[in-house]
Amino acid sequence: MRGDEVGLGTPHEDIASIVAVNELKLERKFLLSIAFGVDAFHGVNHFQFLEAVSDLASKGHYLGLLSLLNDMEEVHLFKEAYRYVESKMPVRPSIVTSSIVSAVEGNYGDYHANPRTQGSKLWINPLMPVYWGFDLKGVAQRCLYYDQVKEVSSFYELELAIEKFRSNHKPIRGWDEIPV
């Protein structure tokens with residue numbers, strides 16, 4: 001996301017990772033995104049996400065998709081690892097990971113395997129276990145607040161930089177519906 005979308009979800013870890021890796025002196029850097037739809041829970045507009053993918057594709061920075069399937073050995077290991085972590089942290093199971101597992105197992109719609117999502121609208125869907133691949137440099141170049149967060153050294157400073165950008169940047173775009 002560029003930063004001017006109606007909702008950014010939970011951008012702190014995302015932009016911190018993008019900036020940290022982008023600043024490394026490596027020849028090739030990639031970004032993989034998974035769990036399409038889960039951030040609607042945090043206000044992400046998926047019309048604007050798909051628009052961003054199209055923009056990245058037009059510049060050669062979109063690398064394609066890879067889907068996790070329930071019968072893959074890697075998926076069995078992923079689910080085993082998730083269930084182990086969940087058993088060690090039962091109070092805060094991952095919303096993202098439980099949604100991916102629910103989707104890969106064929107659940108759909110307002111399905112709640114995670115008690116943290118009870119009482120909210122959730123859209124488990126078959127696009128959640130799909131990895132979207134991007135050239136990281138292109139994603140970093142699209143971020144309108146990249147320079148404002150590049151030099152921060154704490155979560156608090158990062159949060160303030162994002163809030164300052166959003167309060168000063170006009171316009172913040174409105175909600176768009178996917179016309180399907």
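1. Orientation of helices α3 and α4. In this predicted model, helix α3 (residues 73–88) packs with helix α4 (residues 95–104) at an angle of about 140°. The two axes lie 11 Å apart. Angles over 145 degrees would count as roughly antiparallel; α3 and α4 are therefore oblique to each other. Their crossing is left-handed.

2. A salt bridge from helix α3. Lys 79 forms a salt bridge with Glu 105, and the closest N and O atoms are 3.3 Å apart. Lys 79 belongs to helix α3, whereas Glu 105 sits in the loop between α4 and β3 (130–135), so this pair ties together parts that are 26 residues apart in sequence. With a relative accessible area of 9%, Lys 79 is buried. Glu 105 is partly exposed, its relative accessible area being 37%.

3. Salt bridges as a group. The count of salt bridges in the model comes to 7. Side chains of opposite charge can pair when their charged atoms come close. The pair in point 2 is one of these salt bridges, and further examples follow.

4. A link between helices α2 and α5. Asp 55 forms a salt bridge with Arg 142, with a distance of 2.7 Å between the closest N and O atoms. The pair links distant parts of the chain, since Asp 55 is in helix α2 (residues 46–58) and Arg 142 is in helix α5 (residues 136–142), 87 residues apart. Asp 55 has a relative accessibility of 24% and counts as partly exposed. Arg 142, by contrast, is buried, at a relative accessible area of 14%; the limit for buried is under 20%.

5. A network of salt bridges. Glu 51, Arg 173 and Asp 176 are linked in a network of salt bridges. Within this network, Asp 176 forms a salt bridge with Arg 173, and their closest N and O atoms are 3.8 Å apart. Asp 176 is partly exposed, with a relative accessible area of 26%. Arg 173 is also partly exposed, with a value of 25%.

6. A nonpolar surface patch. Which residues form a nonpolar patch on the surface? The patch is formed by Val 21, Leu 24 and Leu 26, which together have about 240 Å² of accessible area. Val 21 is found in helix α1 (residues 11–22). Its relative accessible area is 31%, so Val 21 is partly exposed. Patch residues must have over 30% relative accessible area, and Val 21 therefore meets that cut-off at 31%.

Notes
Residues numbered from 1 in each chain as written. Predicted model: local features only at pLDDT ≥ 70, side-chain atom pairs only at ≥ 80, totals over all residues. Heavy atoms only, no water. Patch = residues over 30% accessible without salt bridge, like charges linked within 9 Å, V, L, I, M, F, W, Y side chains within 5 Å. Areas by Shrake-Rupley, 256 points an atom, 1.4 Å probe, with all protein chains shown as cover. Salt bridge = Lys/Arg side-chain N within 4 Å of Asp/Glu carboxyl O. Helix = DSSP H or I, 4+ residues; strand = E, 2+ residues; numbered from the N terminus. Buried < 20%, exposed > 50% of the residue type's maximum accessible area, 1.4 Å probe, protein only. Axes fitted to C-alpha atoms, helices over the stretch in contact; angles between N-to-C directions. Parallel < 35°, antiparallel > 145°, perpendicular 65-115°, else oblique. Left-handed = near helix turned anticlockwise from the far one by under 90°.
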